[in-house]
Amino acid sequence: MEQVKCYMPQTLQEALEIRNETHATILAGGSDLMVSKSMGAGITPAFSGPVMLIAGVKELKGIRALPDGSVEIGALTTSAEISRSELVHPLLRDAASRMGAIALRNSATIGGNIGNASPKGDMPQPLILLDAMVVLKSIDSERTIKVDDYILGSKKTALSDNEIITKVILPPQNFTHIFFRKIGMRRANAISKLTLSAAAVVKDGIVVDFRASSGAAGPKVARSRAAEEMLIGKTLQELPEVKDAFLDAWNNVISPHAMPEYRRNSTRRMLAYFIDALAAGHPEGRVD
Amino acid sequence: MYNDVRFKLNGKDMIYTGDPLRRLLDVLREDYSLTGSKEGCGEGECGACSIVKDGELVTSCIIPVGAVNGCELLTIEGIRDTEKGKCIIDAYAEGGAVQCGFCIPGMVMATYCLLNKNPNPSEEEIRVGISGNICRCTGYDLIVECIRLAAEKGASIWNK
């Protein structure tokens, strides 16, 4: 097997230069790429072009609170670190804590999970609900775009061949109610069959904000502001009247390819459960 | 040629000069003859190849060796003669945790990380702690009891 060039930058500047010159595939934790390129025991994984191992770039690690209330997560921050951090929104912590099992969560990174853009990736789903932004840097530019705009479809992203994901930014949120579900084959070590996050701000009996996002229910995470707005501005008493119309609208938002009936029914029931809890005056906090 | 990869392996400084894209598991087994770490699934899901990297449990089959530059690694060979390692291994032997044995090096490494962080785990915490380690003999109950035994018998070691 012909061997590909492998770079091991130690600083972000070095990594940006290598990426600019060679367009090398960026390898972070390896939990997706090392598996998809695997050739079996004892054989070097087969990459088709140059590879850049960025694990050594310390500038891309860590979680920080910003003065405006946002939280910045470095691209190389692992799922385990995210799941443990008090700074991170609970919906993202929930999703990170349910990825694979302990050892995998110590390797898998947020940058890799977004960059890989698998329809079953766990972190894009809460990130899109939270209106998270991703920062893309090249040798001579930097842009910040919504994760929802970054992921174009299954394994397709807006990343240019000279850019690197450097961080993710979570804007501050003030949800009064949150809801998270992951359906997998087991409690641990399971790829998502279906995930759902939902969140609401209820003030003086009125739904001031409502959001949902569906993972593994289509080529990319599904979210619809138009559907969400059917519930926004309604009183808790009005929720039961608009619930079915909303659920129908959400059913049009998702586009599951495999087992569509199962995924559509389960999504509908999870959302109905959350809306019913709100309508019933569920105390603030997590709806379980 | 390739860039050097420098890391600490079971307390010894190593310089690896081969292809940095090789799987860490292959390098451990083939280059350093550390065959305690096993290959089960090769996809980071079964835990048979678990080692400790900078104090955290990782599966060595999904890590390219170049990604451990500057890291400290511990394999089953690096802990088996230590006080903590002996405590776990003795508890496994005493309680009969081992059936075919294939998953055991990984289980021991997971136990080591668990007890280092949580010297007195509940049954649920033990089950979470080894949730990434699959025993194909399905002998989980005895393994869980033996981890409990290691925590009790080694209380003075883990609480240090």
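**Exercise 1.** Determine how many residues each chain gives to the contact of chain A with chain B, and describe the side of chain A.

*Solution.* The contact takes 28 residues from chain A and 28 residues from chain B, two residues being in contact if their C-beta atoms, placed from the backbone, lie within 7 Å. The model is predicted: local features need pLDDT of at least 70, side-chain atom pairs count only at pLDDT 80 or more, and totals for chains, interfaces and linings use all residues. Residues are numbered from 1 along each chain as its sequence is written, and chains are lettered from A in the order in which they are written. Next, consider the elements: helix 2 (33-36), strand 3 (51-53) and helix 5 (102-105) of chain A each give two or more residues to this side. Helices (H or I, at least four residues) and strands (E, at least two) are DSSP runs, numbered from the N terminus. Helix 5 of chain A supplies the largest share, three residues.

**Exercise 2.** Identify the buried residues of helix 10 of chain A and the elements against which they pack.

*Solution.* Helix 10 of chain A covers residues 239-253. Its buried residues (20 or more other C-beta atoms within 10 Å of their own, C-beta atoms being placed from the backbone) are A:Leu239, A:Phe246 and A:Trp250. These pack against strand 13 (206-215), helix 9 (225-228) and helix 11 (260-279) of chain A.

**Exercise 3.** State which residues of helix 3 of chain B meet helix 4 of chain B.

*Solution.* From helix 3 of chain B come B:Lys84, B:Ile88, B:Ile89 and B:Tyr92. Their partners in helix 4 of chain B are B:Ile104, B:Val108, B:Thr111 and B:Tyr112.

How values were computed
The expected span of a helix is 1.5 Å times one less than its number of residues. A residue is buried if 20 or more other C-beta atoms lie within 10 Å of its own, exposed if 12 or fewer, and partly exposed in between; C-beta atoms are placed from the backbone.
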